[in-house]
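User: I have a model open and want to go through its cysteines and a few backbone angles. Can you take me through them?
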Amino acid sequence: MATLSPLIICEHCDCVYEKVTLAKHQKTLCTRCAGVLQRYNGLSVEQRLALTLTATVLWIFANFYPVMSISLQGLKSSATLWDSVVALAQGPITFIALVAAISIIIAPVFQLLLLIWVLGFAMKGKRSPAFKLCMRWLEALRPWSMLEVCLLGAMVAVFKLAGMLDVLPGTGLFALAALSLLLIRIAGRDIRDLWDIL
């Protein structure tokens, strides 16, 4: 009976290749379209789960603590990510508020919950119930999670307002920065290797 080597398909041009073992800092590219096929990850299941739990705590801080506080002539105001979504929803651009809520609050928390679910079972060497569905949702949610865009917007707002008002970056901004980096590391990179691990 013939055994097949593990294969990988280029998501850009559908060219098929055999998977290779990568060393640190290596990646494989498609010879046809130069798309990235594989990247060295280097994280064990335990490390991924620990980083995911850390990111979940950071998500709580980023969403429930002020991103920035402003003050002018004794009047103070602070805003969280939820406050920004609510403020958008009260204006004429309610659709933008929905997109903002999905991209900076809902998609990241679903990514984290799905990762905790999948990795929690992976720690025991098992596939989680609905593993295929979870992996598909993780892949589908990746482009919708735009925390880095929100972080960039918040930093621009801090610098712009600093010339007119007293602006203090809040706990939420620092948590948002750390969360963005962690999500890129654990969910923004190639998670397809979980299929092979499990």
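Analyst: Starting with the cysteines: in this predicted model, the sulfur of C10 has its closest cysteine sulfur in C33, 3.5 Å away, which is too far for a bond.

User: What cut-off are you using for a disulfide?
Analyst: The two cysteine sulfur atoms have to be within 2.5 Å. The C10 sulfur is 3.5 Å from that of C33, so the pair does not qualify.

User: And C13, which cysteine sulfur is nearest there?
Analyst: That of C30, at 3.5 Å, and C13 is in no disulfide.

User: How many disulfides does that leave?
Analyst: Zero, by this rule.

User: Back to C10 for a second. Buried or exposed?
Analyst: Buried, because its relative accessibility is 1% and the cut-off for buried is under 20%.

User: OK, backbone now. What's the phi of D14?
Analyst: Positive, about 65°, although D14 is not a glycine.

User: Where is D14 placed?
Analyst: In the loop between β1 (7–9) and β2 (16–18). D14 is exposed, with a relative accessible area of 58%.

User: What about A34, what phi does it have?
Analyst: A34 is not a glycine either, and its phi is positive at about 65°.

User: Which loop is A34 found in?
Analyst: The one that runs between β3 (27–29) and β4 (36–39).

User: Is A34 buried or exposed?
Analyst: Exposed: the relative accessible area of A34 is 53%, and exposed means over 50%.

Terms used
Residues numbered from 1 in each chain as written. Predicted model: local features only at pLDDT ≥ 70, side-chain atom pairs only at ≥ 80, totals over all residues. Heavy atoms only, no water. Buried < 20%, exposed > 50% of the residue type's maximum accessible area, 1.4 Å probe, protein only. Helix = DSSP H or I, 4+ residues; strand = E, 2+ residues; numbered from the N terminus.
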